[in-house]
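Subject: Model for your files, with notes

Hello,

Please find the model below. My notes on it follow directly after.

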Amino acid sequence: MSASHPPSSAPASSAELFAAACGHARRAAVLASVESLLGWDEQTMLPRAGGPHRADQATAMAAIVHGLRTDPAQAERLVALADSSLATAGTPLERTTIRLLKHDADKQARLPVRLVEELARAAVEAQQAWVEARASSDWAALRPHLVRMFALKREQASCQRPDLDPYDALLDDYEPGARWRRLADRFGPLRAAIVDLVRACGNASRRPDDSILTERPYPVEAQRRFVREVASRIGFDFDRGRLDTTEHPFCTTLGPDDCRITTRWNERSLPTALFGVLHEAGHGLYEQGLPREWYGLPPGEAASLGIHESQSRLWENLVGRSQPFWEWCFPLARQAFPAALADVDAERFHGALLAVRPSFIRVEADELTYNLHVMLRFDLERALVHGDLAVDDLPAAWNERFERDFGMRPPDDARGVLQDIHWSAGLIGYFPTYTLGNVFAAQLMEAAHRAVPDLDVQVASGRFTDLLAWLRREVHAAGRTLESEPLVERATGSGVSGDWLVKSLRDRYGPAYGL
Ligand code: ZN
């Protein structure tokens with residue numbers, strides 16, 4: 001893999017250096033995509049007995065990719081490039097590419113190998129312990145693993161970004177440029193508004209009846225045809241992607257023209273697959289819209305997890321749960337599921353999609369309460385990283401906060417602090433990107449409505465091309481050249497604010513509950 005490096009003794013022009021650095025980064029991306037292919041296959045196709053050999057394959061690939069990403073020759077090239085005329089006088093895309101490649105390499109290099117290995121081992125052990133601990137609701141069994149994980153993550157933060165607050169350093173891995181104080185300022189009013197709205201829905205005399213969605217027959221074969229038709233209609237390109245079945249739905253990109261989405265099926269519940277596929281197809285549309293000529297380089301990568309999630313949530317909730325969408329889609333649904341929907345009309349169907357049902361479990365939450373689950377985790381993990389909260393006090397802090405926000409107390413830790421794998425997996429600073437995604441989505445959708453004044457009319461007739469073209473132009477085409485907030489500000493013409501999300505929720509849930 002290193003055969004094409006220019007000989008380091010010969011002086012290379014900055015254009016040659018740039019080509020060599022990009023070539024190297026692309027090779028790493030191509031090999032990382034082989035790793036992703038192994039992962040996709042493991043989740044969808046792999047026979048059970050193939051597991052151990054797959055683990056060998058994945059470990060071998062991970063070592064190769066890690067070797068490429070930490071190659072000293074590439075590090076030298078990036079140092080030379082950062083000092084070259086290209087870094088100051090190149091095109092904006094060249095300058096950004098140099099800056100971000102160097103930023104990523106430096107960050108990687110600041111992590112001692114010992115810490116990387118310890119983090120990997122701790123994550124494997126904590127996740128194994130978590131499976132058992134959750135199954136038996138046994139907090140004590142997970143506690144020492146979380147103590148160790150949070151200590152290691154604090155160490156990672158101080159090595160990786162000694163210039164930043166430790167929580168910001170971790171957040172930066174998922175949402176470059178985000179800062180916890182700004183998030184907390186934004187989430188505070190959002191949380192208060194959502195708590196009020198959830199309470200108002202709970203006390204409302206009118207309640208949408210969602211039994212038509214979850215207690216009637218939705219044959220899996222008919223669901224398959226239906227969701228594929230919907231995904232393709234919103235613009236997911238099945239010549240450049242696939243839909244397959246898994247236990248835990250995801251979207252993964254295996255190459256510039258190969259985006260895989262997955263879902264699970266439940267023949268008594270239409271929303272499981274339908275909104276799952278709208279969500280993953282939203283991620284897929286973003287991946288399919290990234291500049292393919294920059295594949296493997298920052299301008300061809302996603303801006304952040306929050307921006308990624310904004311695209312999935314926009315299609316899932318702001319399009320998929322909107323009244324105009326069901327004007328177009330309900331006749332198709334009734335055709336696909338005559339036994340379930342013969343006695344239902346579009347209005348009743350759309351109302352059912354807006355049922356609010358507070359749950360102890362985040363992954364079962366409705367659109368409205370979902371953000372409360374996320375903001376709770378954000379505040380607690382931030383306090384843990386800052387040392388304002390001890391791991392020992394976590395279950396009590398969780399339950400108190402949950403009761404304050406939801407008006408009910410988790411009956412056990414399995415339905416409380418033990419429910420998510422994230423902290424055991426070392427994903428700390430990851431949760432807030434879910435709510436950021438919702439915040440960005442609502443603000444982007446409002447701007448799309450201004451840019452495409454008859455958007456509702458278009459959606460009501462099943463036309464999504466203008467909306468997708470707007471997202472392509474304003475969001476997807478930028479790749480990672482802008483951080484998430486500047487990207488959203490540029491696309492929408494105003495500073496990031498949670499107000500659009502509150503407005504969008506009130507506008508849709510208010511009428512459904514007669515508020
Ligand atoms: Zn998602």
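In the sheet of this predicted model, G241 has C259 of β3 opposite it. The strand β1, residues 241-245, runs parallel to β3 and shares 5 bridges with it. Strands and helices here are DSSP runs numbered from the N terminus (E, at least two residues, for strands; H or I, at least four, for helices). Two strands count as paired if DSSP finds at least two bridges between them.

On conventions: residues are numbered from 1 along each chain as its sequence is written. Because the model is predicted, local features need pLDDT of at least 70 and side-chain atom pairs count only at pLDDT 80 or more, while totals for chains, interfaces and linings use all residues; side-chain values use heavy atoms, with hydrogens and water left out.

The sheet

C259 is also the bridge partner in β3 of T253. Strand β2 (residues 251-255) is antiparallel to β3, and 4 bridges join the two. C251 stands opposite I261 in β3, and the connection from β2 to β3 is a hairpin of 2 residues. Together the strands form an open sheet of 3 strands with mixed pairing, in the order β1-β3-β2. β1 and β2 are at the edges with a single partner strand each, so one side of each has no neighbour in the sheet. Direction ignored, neighbouring strands of this sheet are turned by 25 degrees against each other on average.

β3 covers residues 258-263, and 5 of its 6 residues are buried. Buried means under 20% relative accessible area, exposed means over 50%, and partly exposed is in between (1.4 Å probe, protein chains only).

Helix α1 (residues 14-44) lies across β1, β2 and β3, at about 135 degrees to β2. Axes are lines fitted to C-alpha atoms, for helices over the stretch in contact, and the angles run from 0 to 180 degrees between N-to-C directions. R26 lies in this helix α1 and is partly exposed at 30% relative accessibility. Leaving out residues up to four places away in sequence, R26 touches E293, W294, Y295, G296 and L297, where contact means heavy atoms within 4.5 Å. R26 and Y295 are 269 residues apart along the chain, with their C-alpha atoms separated by 7.2 Å.

The zinc site

Which protein atoms are the donors of the zinc ion? They are NE2 of H279, NE2 of H283 and OE of E309, at 2.1 to 2.3 Å from the ion. The donor residues are spaced H-x3-H-x25-E in sequence. H279 in helix α12 (residues 270-289) and E309 in helix α13 (residues 305-319) are 30 residues apart, a pair that links distant parts of the chain. Donors are N, O and S atoms within 2.8 Å of the metal (3.2 Å for Na, K and Ca); water is not among the atoms, so sites may look incomplete. H279 counts as buried at 10% relative accessibility, and E309 is buried with a relative accessible area of 7%.

Helix packing

Two packed helices are described by the angle between their axes and the distance between the axes. For helix α3 (residues 72-82) and helix α5 (residues 92-109), the axes come within 10 Å and cross at roughly 135 degrees. That makes α3 oblique to α5, on a scale where angles under 35 degrees are roughly parallel, over 145 roughly antiparallel, 65 to 115 roughly perpendicular and the rest oblique. The crossing of α3 past α5 is left-handed, that is, the near helix is turned anticlockwise from the far one by less than a right angle (clockwise would be right-handed). L78, V79, L81 and A82 in α3 meet I98, L101, K102 and A105 in α5.

Two single residues

F349 is found in helix α16, residues 346-352, and counts as buried at 0% relative accessibility. Neighbours within four places in sequence aside, F349 is in contact with I212, L213, L270, W326, F330, L341 and V344. The C-alpha atoms of F349 and L213 are separated by 8.0 Å, and the two residues are 136 apart along the chain.

S137 lies in the loop between α6 (113-135) and α7 (139-160). The phi of S137 is near 50 degrees, a positive value in a residue other than glycine. S137 is partly exposed, with a relative accessible area of 26%.

Regards
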